[in-house]
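Open the model in your viewer and get ready to select, colour and rotate. This tour goes stop by stop, telling you what to pick next and what you will find there.

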Protein chains: 2
Amino acid sequence: MLENKNPSKTNISQLGEFGLIDHLTKNFEIHQNTTIKGIGDDAAVISSEGDNQIVVTTDLLIEGVHFDLSYMPLKHLGYKAVMVNLSDVYAMNATATQITVSIAVSNRFPVEALEELYAGIKTAVKMYNVDLIGGDTTSSTTGLIISITAIGNAKKETITYRDGAKENDLLVVTGDLGAAYLGLQVLEREKEVFKVNPNSQPDLDAYTYLIERQLKPEARKDIPKLLSELDVKPTAMIDISDGLSSEIIHICKQSNVGCNLYEDKIPLDPQVISACEEFQLDSTTVALSGGEDYELLFTISAEDFPKIKANPHLTVIGHITHEKEGTHLISRANTKIPLIARGWNAMQEDD
Amino acid sequence: MLENKNPSKTNISQLGEFGLIDHLTKNFEIHQNTTIKGIGDDAAVISSEGDNQIVVTTDLLIEGVHFDLSYMPLKHLGYKAVMVNLSDVYAMNATATQITVSIAVSNRFPVEALEELYAGIKTAVKMYNVDLIGGDTTSSTTGLIISITAIGNAKKETITYRDGAKENDLLVVTGDLGAAYLGLQVLEREKEVFKVNPNSQPDLDAYTYLIERQLKPEARKDIPKLLSELDVKPTAMIDISDGLSSEIIHICKQSNVGCNLYEDKIPLDPQVISACEEFQLDSTTVALSGGEDYELLFTISAEDFPKIKANPHLTVIGHITHEKEGTHLISRANTKIPLIARGWNAMQEDD
């Protein structure tokens, strides 16, 4: 599908590096008043608002490692690549304001394919109100590489790190868990079916939520705003796209505390439960280690509990303990199981 | 050389993604007082100094496109990758303060190879007084990919864009041109010799400057400082690592002006002249389009000429004309040749 065998497709070399950047980014508008200069100079220029501090985060997505174009449409990929980065900005309890996008592509991709990718990026920046302010476009020897840097800002006293969790704090997670991983299982299964019978028409109705969570995840832009409205300052916060288990351990290690996480409190969508039965997977393991849920995990002081308890976006899943008690899952059978960091790890997939 | 066949070498998967980042970045210190939080959270946090504006630039370097590890030692590559980005910060007439470094590597690279790469990055950040504040480490299906984002700042009135050149302004370039391109020619020739006779001992004494400009370029950190000391605010400024010719055209297009560039004024090192004779290359073409000279091109008001004329780092190579006069090279024989943008273009190399 992506082979540039169609002579009506435009080869990227026809535009050259500068022409390609201009072509792909010409319809992006600037909306943030902190963006002084976007694309078109040696560097972008931004200002900080008042005495706000600036947060910066970056992620690299590699074809064949982080995504598979056989079931990931390029438009969705562009959207998701932005989400991956914005999620880290929101995990600082900050507002995302700008991104840079660099891509490396082999000649296998016609300009029209990159237009699709940028259409997804454009939808994302519009929906999340961030400005595309720079980037780099180059050729690659194989495949597609996407490198995004996201910038945001927040008041100094609002920015939330990983190291502030205190004993007796509550452990809170946004949304529900495990769906993105199961969406990937469904898509990989369909890919195998398609290899055997390219004419099969998959019925994916039972998996729409799972597939959407995998192909078109949303970053939790609403959470910093919600926390501000609820007048809750988390004591620690982290993005859990690498897996809930490993990220709880990060917070505990950096805060020098322990935790008890309650298995029966973990929020699961009904599609997650039924797909786990179908794939014969343990739903708790999927929720703890599946990864790619662009949700946030945070800790709050117990006295803030009344402020959040009625909120449908937030679930209390455990509490912080003394460091020497360690990090544990309390199972439905009330047994205490040590948490292990088995998050999604792109480094180990290569083994 | 880079194959991980030696059992005493450490496979990257032994450390995992987080372990690898920690391992590679553990000895990096924070020196900038605008760095609030470096590596170790979802995002880095920086503050702006007074009412300074912040500049952001990013570049992607791909093995086989931007560098060839058969003659580029990894330590030099790490150093150069930082220079490529800092040069864009200095081209805004700003001070570089922070960088993020993301790498994707195949299992072909042992941890020890990445340590070499990071040793080069460390030398660069130390020499240029910038803080490494974040990044991403992942596996690649082939080769090495480096993505760096550089951040800097300057007073609003100091930041220099590409679009401010005015008629009668002088066109000034830093350093000398063409050496990096010739360094690459020398290295590629040696690579061919080595293929035929692996025991040959190359005598590269005549090319030391050229090779150094290719393998260990320096970004012009000194120039924003020098311009400030000389009390010169350029009207436009640009990094010329993509080639002098294409960058002059960028300034002229964005400033809506023309220019005359004088062939006999282009600064060339004696090694450039002799290597051009040896390789039967035209030194002007090499200086105009060779690229990878991490020098800066800027325009100044003619009345600032006395302030810069005695400076050995700066050469006046032409002047700005009315837009309708176009962009020309005035040759030694006093003929007027239209400038063409034949800069180094990673997009076209793939043709």
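To compare copies of a chain, the copies are superposed by least squares on the C-alpha atoms of residues with pLDDT of at least 70 in both. Please keep in mind along the way that this is a predicted model.

**Stop 1: both chains together**

Begin by colouring chain A and chain B separately. A turn of 180° with a shift of 0.0 Å along the axis lays chain B on chain A, with an RMSD of 0.0 Å. The two copies are therefore related as by a two-fold rotation axis. The same surface serves both of them, since 100% of the contact residues of chain B recur in chain A.

**Stop 2: where the chains meet**

Now select the residues at the contact between the chains. How many residues does each chain bring to the contact? Chain B gives 61 residues and chain A gives 61 residues. On the side of chain B that touches chain A, strand β3 (residues 53-62) of chain B gives the most, with nine residues. Colour that side by class and you should find 25 nonpolar, 24 polar and twelve charged residues.

Stay with β3(B) and add strand β2 (residues 44-46) of chain A to your selection. These two strands pair in the antiparallel sense over three bridges. To see one pair, label Val45(A): its bridge partner in β3(B) is Val55(B).

**Stop 3: the two domains of chain A**

Hide chain B for a while. The domain assignment divides chain A into domain 1 (12-154) and domain 2 (170-350). Taken over C-alpha atoms, the centres of domain 1 and domain 2 of chain A are separated by 26 Å. Where they touch, 19 residues of domain 1 of chain A are in contact with 22 residues of domain 2 of chain A.

Which element gives the most to the side of domain 1 of chain A that touches domain 2 of chain A? Select helix α2 (residues 74-90) of chain A, which supplies nine residues there. By class, that side of domain 1 of chain A has eleven nonpolar, six polar and two charged residues.

**Stop 4: the seven-stranded sheet of chain A**

Next, select the strands β9-β11-β8-β12-β10-β13-β14 of chain A, listed here in their order across an open sheet with mixed pairing. At the edges stand β9 (236-239) and β14 (336-338) of chain A; each has a single partner strand, so one side of each is left without a neighbour in the sheet. From one strand to the next, the twist averages 25°.

Zoom in on strand β10 (residues 257-262) and strand β12 (residues 314-322) of chain A, which run antiparallel and are joined by five bridges. Here Leu261(A) stands opposite Gly318(A) in β12(A). Then show helix α7 (residues 244-255) of chain A, which packs on the sheet. This helix touches β8 (170-174), β9, β10, β11 (296-300) and β13 (327-330) of chain A, and its direction makes about 150° with that of β10(A).

**Stop 5: two loop residues of chain A**

Follow the chain into the loop between α7 and β10 of chain A, where you will find Asn256(A). Although Asn256(A) is not a glycine, it has a positive phi of about 55°. Is Asn256(A) buried or exposed? Asn256(A) is exposed, with 12 other C-beta atoms within 10 Å.

Move on to Glu292(A), in the loop between α9 (283-289) and β11 of chain A. Glu292(A) also has a positive phi, near 65°, in a residue other than glycine. Glu292(A), however, is buried, with 22 other C-beta atoms within 10 Å.

**Stop 6: strand β10 of chain B**

Bring chain B back and select its strand β10 (residues 258-262). Side chains in a regular strand alternate between the two faces of the sheet. In β10(B), Cys259(B) and Leu261(B) make up a covered face, while Gly258(B), Asn260(B) and Tyr262(B) make up an uncovered one.

Now show the strands β12 and β13 of chain B. β10(B) pairs with β12(B) in the antiparallel sense over four bridges, and Gly258(B) stands opposite Thr321(B) in β12(B). Strand β13 (residues 327-330) of chain B runs parallel to β10(B), with four bridges joining them. To finish, label Asn260(B), which stands opposite His328(B) in β13(B).

How values were computed:
Residues are numbered from 1 along each chain as its sequence is written. Chains are lettered from A and ligands numbered from 1 in the order in which they are written. This is a predicted model: local features need pLDDT of at least 70, side-chain atom pairs count only at pLDDT 80 or more; totals for chains, interfaces and linings use all residues. Two strands pair if DSSP finds at least two bridges between them. Axes are lines fitted to C-alpha atoms, for helices over the stretch in contact, and angles run from 0 to 180 degrees between N-to-C directions. Two residues are in contact if their C-beta atoms, placed from the backbone, lie within 7 Å. Ala, Val, Leu, Ile, Met, Phe, Trp, Tyr, Cys and Pro count as nonpolar, Asp, Glu, Lys and Arg as charged, and the others, Gly among them, as polar. Domain bounds come from an automatic or database domain assignment. A residue is buried if 20 or more other C-beta atoms lie within 10 Å of its own, exposed if 12 or fewer, and partly exposed in between; C-beta atoms are placed from the backbone.
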